[in-house]
Amino acid sequence: CNHPHQPLIRACLFLFSTFFTMAKEFTREEVAKHNTLNDCWIIVNNRVYDVTNFLLEHPAGRGIIMLHAGKDCTKEFLDVHKEEYIPSFAPKAFVGIVAGSNAGGPPPRAAGAGPVDFDTEKVLIMKRDLYGPEHEAFRAKFKAFLRQEVLPQLSKFEIKGAVDGAMYKKMAENGFYLTLGIPEEHGGTGLGYKDWRFNAIICEELENNDCGTYFVNLGNDMVLSYFTKCCTPEQAKKWWPALVRGAPIAIAMSEPEVGSDLGKLSCRAERTADGWILNGRKMWISAGAVAELIVVSAVTDPSKGAKGISLMVVERGMEGYEVAKKFGKLGKHASDTCLLTFENVKVPKENLVGVEGQGFIYMMQNLAKERLSIAVGSAAAARRALALATNYVNGRASFGGVFGNMQHIQMKLAQIRGEVQVCTTFVDRCIADVSAGKLSAEAASMAKAYTTDLSFRVADSCLQAFGGYGYLKNSPIGKLMVDQRVVRIYGGSNEVQWEIVSKGLGFTPQRMGKL
């Protein structure tokens, strides 16, 4: 590779491409038609590039390129980069030249540049055998939906701090939100209800397609089961129309003074002749501002401790129920997080979930699947972080070659690859177990804690390879890192998860006594 005539050889190749390449010609009007996320062309130095496949990889964020979609951005581009930047990261992007310009072919890639086509599957050593053809067909359908429907609006949702109700409805209509887990006899597709691997694909593809900030699995994996598994048939009948329609739903467990210790709730519901009067506050409630139905945990019998906790459905618009505050967050910007208050809210008796006093048991039964859902998304995020970093260091010119030629970079990413492979293999086993109805709470806690700890550490290490680009506000790796910070907290903090795992070794958790 260090042949003494290498510069001359590269120059000759460049001249050959410049003078002898029969490039296809396009008018500027033709180029201007290619101006969407799924079909994005730009012009630099009268050369036309299709950068569609690079949009989700661009280290400054896809919005930077989209500002110039279908346009000549020569000045703006060259203010920041050399033109060689494009073939280095998108070697197949060149499609032709501007008609009448007599421009030649694209400049050569950086010396030593490697492959830049790694994705979340290609970074793995072992081929996954978890999914069948029907699952992969579903994955392709959901990926296309994200590219066509969600990504073009995602920036708007992030600025707004919430996803529009119309998007939830469209997701449900296409079988990706709620209807996935609703039995066919009640209007759903039933795919995820019978086989949780379809739910796992939703979690994975959100991360794979830079949509991890859209908290779809909240409804699919953390709330819906309270309606499908815990409600009696008579109770559930009331909710099927709204759920099939894709009504945003939420779960309200945590309180300002109560996080992971769910047996110490202070929210109270007092029985009346026709239901309950609910009073209290709920904190850190995801989708609280947009939810039409919220499953609320409350104490219905203070004398029974955890056995006196019940679940009930609060409907948007009920008198005394308010979204008291929406919180700004470091990440997950398309998901609202709220403080909810309940002041003498009249909850009808038919809004009870299941049996009175069984709320704590219902929550414990559903938490395993919730925690695995978080783990699946984080494992996908770790794979994507590795793919982003690998592609970047293989194309980024530096010190007469590319970053990927440096031994330290190679060893670091190889080590990460090993950790990501082990994580994926374990999580895939958990997905198979939950689909077979045999996932243990201990395994779910281990998966959640191990995977989320790893995903943040991997994202942080991979961001380092991007240098300043990684720290830009809308860079894919930067967004991924801040989004992966919170997953170690919600769904039960990782400290609590490791405590659950420790019980399998015969340990008894230490608790503070009364002072």
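This passage walks through the strands, ring contacts and cavities of the structure above. The model is a predicted one, so everything below describes a prediction.

The sheet makes a handy starting point. Five strands come together in an open sheet, lined up in the order β1-β5-β4-β3-β2, and their pairing is mixed. Strands β1 (25-26) and β2 (35-36) sit at the edges with a single partner strand each, so one side of each has no neighbour in the sheet.

Moving in from the β2 edge, β2 and β3 run antiparallel and are joined by two bridges. In this pairing T36 faces D39 of β3, and the link between β2 and β3 is a hairpin with two residues in it. Strand β3 covers residues 39-44 and is mostly tucked away, with five of its six residues buried. On to the next neighbour: β3 pairs with β4 in the antiparallel sense, this time over four bridges. Here I42 stands across from Y49 in β4. The hairpin of β3 and β4 also has two residues between the strands, and in this hairpin N45 takes a positive phi near 55 degrees.

Strand β4 (residues 47-50) also pairs with β5 (residues 94-98), again antiparallel, and three bridges hold this pairing. One of the facing positions puts R47 opposite I97 of β5. As a rule of thumb for reading such strands, side chains in a regular strand alternate between the two faces of the sheet.

Another strand pair turns up further along the chain. Strand β7 (residues 268-272) and strand β8 (residues 275-286) pair in the antiparallel sense, with five bridges between them. R271 has W276 in β8 as its bridge partner. Together β7 and β8 make a hairpin, with two residues separating the strands.

Next come the aromatic rings. The model holds 18 aromatic pairs. Take F89 and Y392: their ring centres are 5.4 Å apart and their planes meet at 15 degrees, which is under the 30 degrees cut-off, so this pair counts as stacked. The two residues come from distant parts of the chain, with F89 in helix α5 (residues 85-89), Y392 in helix α13 (residues 359-395), and their positions 303 residues apart. Both F89 and Y392 are buried.

Y392 has another ring partner. The centres of the Y392 and F466 rings lie 4.4 Å apart with planes at 20 degrees, so this pair is stacked as well. It too bridges distant stretches of chain: Y392 belongs to helix α13, F466 belongs to helix α15 (residues 441-466), and they are 74 residues apart. F466 is buried, and so is Y392. Zooming out, ring pairs tie F54, F77, Y85, F89, Y392 and F466 into a cluster.

Rings can have charged neighbours too. K229 lies over the face of Y193, at 4.4 Å from the ring centre. In a similar arrangement, R485 sits over the face of F456, at 5.7 Å from the ring centre.

That leaves the empty spaces. How many cavities of 30 Å³ or more does a search of the whole structure find? The search turns up four. The largest cavity holds about 130 Å³ of space. It is lined by 15 residues, and E207, N217, K332, G377 and Y490 are the closest to its centre. Helices α9 (197-208) and α13 each supply at least two residues of this lining, and α13 gives the most, with four. Helix α13 is also the helix that carries Y392 of the ring pairs above. By class, the lining of the largest cavity splits into seven nonpolar, six polar and two charged residues.

The second largest cavity contains about 80 Å³ of space. Its lining is made of 13 residues, and those nearest its centre are Y168, F215, L218, A287 and S335. Sorted by class, the lining of the second largest cavity has ten nonpolar, two polar and one charged residues.

Definitions and conventions: Residues numbered from 1 in each chain as written. Predicted model: local features only at pLDDT ≥ 70, side-chain atom pairs only at ≥ 80, totals over all residues. Heavy atoms only, no water. Phe/Tyr/Trp six-rings, centres within 6.5 Å; stacked < 30°, edge-to-face > 60°. Buried < 20%, exposed > 50% of the residue type's maximum accessible area, 1.4 Å probe, protein only. Lys NZ or Arg CZ within 6 Å of the ring centre and 35° of its normal. Pairing = 2+ DSSP bridges. 1 Å grid on protein atoms, 1.4 Å probe; cavity = no way out; pocket = protein on both sides within 12 Å on 5 of 7 lines; lining within 4 Å. Points joined across faces, edges and corners; volume = space filled by probe spheres on them. Nonpolar A, V, L, I, M, F, W, Y, C, P; charged D, E, K, R; others polar.
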